[in-house]
Amino acid sequence: MSPLFRRLISFAILPVLLLLGGCNFVVMSPSGDIAAQQRDLIIISVVLMLIIIIPVMILTVVFAMRYRASNTDAPYDPDWDHSTQLELVIWAIPLLIIICLGAVTWMGTHLLDPYRPLDRLDANRPVTADMQPLEVQVVALDWKWLFIYPEYGVASVNEMAAPVDRPIQFRITSSSVMNSFYVPALAGMIYAMPGMETKLHAVINSPGDYDGFSANYSGHGFSGMRFRFHGLEQAGFDEWVAKVKADGGDLQRQDYLELERPSENVPVQYFADVDPLLFDAVRNYCVEPGKMCMSEMAMIDAEGGAGLAGLSNLLPLTYDKTARRGSIFGAEPSFVANICTIEEALAAGQADPSKPVSIVDRTPVRGMSLPRPGTRPVNPSLSQTFGSLRPSNS
């Protein structure tokens, strides 16, 4: 090979190497056991497929060279139409590869189910019965991440930490639109959806600082929806928790409603006093004081439903995020805080329609004459009056 030709090859390869220099191979070199197993699945799948692809690519060149028009020595058999041996090769090898891929996929689907608690820290260390998982409650906001640590009573925005070699149980939801929680070094991405809770079990095996971000486009501030994940030794994690407690403020429900407002490129924030029921309230659309939770509505529906008044609560559960997200469309958030009794309804009909009716009872809605599930009716006569509204069993 001439020196000139070698230089041309070097100049041709150089731009490719420069482009690859900006790549991050964290997916293929992760620091968590779940991500490592997912990487192994990728490698196994690629190797199995290359068993077919590489021979086909080689044979394409071989056939083109051997049977080219200028090669008069190549055998010529215009009447050939079948070969049992060739048919066996063509069908048997792909079939075996599909069987192998199916087996690997089936095992990976069950063993790497994000809802499945971990049974090992890595290939050589099982999870023992005395290992208590670290629970982290994750809320995808516009456009930032909120992490709540119920075990320690603290929370942080756009930063989280976890001890090395301790199982982590993530409970994930969203305040408004669908997002995707993803730490490539830790595990695969999991969707965060409003009104729902998804789970992820993972473990970090090596100390370090890792990138986390949203992998699902969610609006104008999406590009800044990133956070740092710190894998720390237990002593370092204890120091991080102490720092959060020392520097953090309050995160009660009213504080959360302010934090929930859309904002971009938000710096790290700490909270040392967190409402222990905040995550469940976010997931159930009832952070606002006095608002009926989605879980309570489900219980009421199981007991027969809240009638027409329930419709006034059902639609805002889905769409009452519009105003806080800064949209100019739609009405202000509204919801049913209570359903009046028959006496209050009659009094309201006889009162001056120009004056608002004051309802003293501000307890959460119970449905039309229906008590909370598992309790007895406060007023049995009302249950008899509205008994005809229950679905018939006939």
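This report walks through a predicted model, from its annotated membrane spans to its cores, ring pairs, disulfide and two threonines.

## Annotated spans

Let's begin with the record. UniProt, in an unreviewed entry, lists residues 41-67 and 88-108 under "transmembrane region". That label comes from the entry, and the annotation may be inferred rather than shown by experiment.

The coordinates add some detail to both spans. Residues 41-67 are 96% helix and 0% strand, and their end C-alpha atoms lie 39 Å apart. For residues 88-108 the figures are 100% helix and 0% strand, with 30 Å between the end C-alpha atoms. Within the second listed span, 88-108, you will find C100, which is partly exposed because its relative accessibility is 37%.

## Nonpolar cores

The largest nonpolar core has 39 residues. Those that touch the most other members are V136, F147, Y149, M160, F170, F181 and F229. Y149 is a handy one to select in your viewer: setting aside residues up to four places away in sequence, it touches L134, E135, V136, V154, S156, M160, A161, F237 and W240. Two of these partners, V136 and M160, are also named among the core members with the most contacts.

A second core, separate from the first, has 19 residues, and L141, Y256, V274 and C286 are among them.

## Aromatic pairs

How many aromatic pairs does the model hold? The count comes to 15. One of them joins Y217 and F222: the ring centres are 5.4 Å apart and the planes meet at 65°, so this pair is edge-to-face. The cut-off behind that label is an angle over 60 degrees. Y217 is exposed, as its relative accessible area is 60%, whereas F222 is partly exposed at 23%.

Ring pairs also link W145, F147, F170, F181 and F227 into a cluster. Here the aromatic picture meets the core picture, since F147, F170 and F181 appear in the list of core residues that touch the most other members.

## The disulfide

Which cysteines does the disulfide join? The link runs from C286 to C293, with an S to S distance of 2.0 Å, and the structure holds one disulfide. The angle about the S-S bond is 80°, and the link is right-handed.

The two ends sit in different accessibility classes. C286 is buried because its relative accessibility is 2%, under the 20% limit. C293 reaches 21% and therefore counts as partly exposed. C286 is also the cysteine named in the second nonpolar core.

## Two threonines

Is T198 buried or exposed? T198 counts as buried, because its relative accessibility is 7%. This residue belongs to strand β10, which covers residues 198-202. The T198 side chain reaches the backbone oxygen of Y191 at 2.7 Å. Beyond its neighbours within four places in sequence, T198 is in contact with Y115, F170, R171, I172, I190, Y191, A192 and M193. Among these partners, F170 also belongs to the ring cluster described above.

T128 offers another setting: the loop between β2 (125-126) and β3 (134-141). With a relative accessible area of 37%, T128 is partly exposed. Its side chain makes a polar contact of 2.3 Å with the side chain of D130.

Note on methods:
Residues are numbered from 1 along each chain as its sequence is written. This is a predicted model: local features need pLDDT of at least 70, side-chain atom pairs count only at pLDDT 80 or more; totals for chains, interfaces and linings use all residues. Side-chain values use heavy atoms; hydrogens and water are left out. Helices (H or I, at least four residues) and strands (E, at least two) are DSSP runs, numbered from the N terminus. Buried means under 20% relative accessible area, exposed over 50%, partly exposed in between (1.4 Å probe, protein chains only). A polar contact is a pair of N or O atoms within 3.5 Å; within protein, one must be able to donate a hydrogen and the other to accept it, and residues adjacent in sequence count only if both atoms are side-chain atoms. Contact means heavy atoms within 4.5 Å. Rings of Phe, Tyr and Trp (its six-membered ring) pair if their centres lie within 6.5 Å; planes under 30 degrees apart count as stacked, over 60 as edge-to-face and the rest as tilted. A nonpolar core is a set of buried Ala, Val, Leu, Ile, Met, Phe, Trp, Tyr and Cys residues joined through side-chain atoms within 4.5 Å. A disulfide is a pair of cysteine sulfur atoms within 2.5 Å.
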